[in-house]
Amino acid sequence: MKATPELIELLNDALARELRAQAMYAHYAAYVKGIHCLHLKPYFESEAAESVLHAQTVRNALVRLGGIAVTERSTQAIEHSTDYREMLKEALKTERESQAAYQTILPLLKEDEELYDAIEQILFAEERSVEELLQVI
Ligand SMILES: [Fe+2]
């Protein structure tokens, strides 16, 4: 399929968000402490790893469509905190924004079944993350 500049921009925005999410989750995994550390540290670490995989998928989509993938993360600040509740709130905000970004992208990929499926899988993962976070916040 032929990608519009708008689609390339949207995919690059999603990629920059994944690069930011990766840094945010790695940061929170390092700073979470106390009793919550036991389950939140591995949770944040697995979310960081998931962001790496999502970034890889989106980057490959950009290559396939002939776009140039960004290498910088989103400029949206990563709020430092040692309070796990603040971390979870920031995580929820991040996941909701990613979810919205993929919801916008998905209908634009209808002509390419393979890309559509790949991005849909990411969207499902973001939706799962939002649901999980809503249960613990
Ligand atoms: Fe993601």
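The legends below describe close-up views of a predicted model.

**View 1. The largest nonpolar core and the helices that supply it.** This core has 18 residues, and those with the most contacts inside it are Leu11, Ala14, Leu15, Val58, Ile105 and Ile119. Helix H1 (5-31), helix H2 (37-64), helix H3 (84-105) and helix H4 (113-136) each supply at least two residues of the core, and the largest share, six residues, comes from H1. A second, separate core consists of eleven residues, among them Tyr25, Val32, Tyr43 and Phe44.

**View 2. The surroundings of leucine 15.** Leucine 15 is one of the residues with the most contacts inside the largest nonpolar core. When residues up to four places away in sequence are not counted, leucine 15 touches Ala55, Val58, Arg59, Leu62, Ala69 and Val70; of these partners, Val58 is likewise listed among the residues with the most contacts inside that core.

**View 3. Alanine 21 in helix H1.** Alanine 21 counts as buried because 27 C-beta neighbours lie inside 10 Å, where 20 or more are required. Leaving aside neighbours within four places in sequence, alanine 21 is in contact with Ser51, Thr94 and Ser98, and both Thr94 and Ser98 belong to the buried residues of H3. The C-alpha atoms of alanine 21 and glutamate 132 are separated by 16 Å, the two residues being 111 residues apart along the chain.

**View 4. The buried and exposed faces of helix H3.** The 22 residues of H3 should span 32 Å at 1.5 Å a residue, and the end C-alpha atoms of the helix are 31 Å apart, which agrees. Its buried residues are Met87, Leu88, Ala91, Thr94, Glu95, Ser98, Ala101, Tyr102 and Ile105; because they cover an arc of only 145 degrees around the axis, they are placed on the same side of H3. An α-helix has 3.6 residues a turn, so residues three or four places apart point the same way. The face of H3 turned away from this buried side carries the exposed residues Arg85 and Ala100, while what covers the buried residues includes H1 and H4.

**View 5. Helix H4 and its packing partners.** At 1.5 Å a residue, the 24 residues of H4 should span 34 Å, and the end C-alpha atoms are 35 Å apart, which agrees. Leu115, Ile119, Ile122, Glu126 and Ser129 are buried in H4, and the buried residues of this helix pack against H2 and H3. Ile119 is also one of the residues with the most contacts inside the largest nonpolar core.

How values were computed. Residues numbered from 1 in each chain as written. Predicted model: local features only at pLDDT ≥ 70, side-chain atom pairs only at ≥ 80, totals over all residues. Core = buried A, V, L, I, M, F, W, Y, C linked by C-beta atoms within 7 Å. Buried ≥ 20, exposed ≤ 12 C-beta atoms within 10 Å, placed from the backbone. Helix = DSSP H or I, 4+ residues; strand = E, 2+ residues; numbered from the N terminus. Contact = placed C-beta atoms within 7 Å. Expected span 1.5 Å × (residues − 1). Arc of directions from axis to C-beta.
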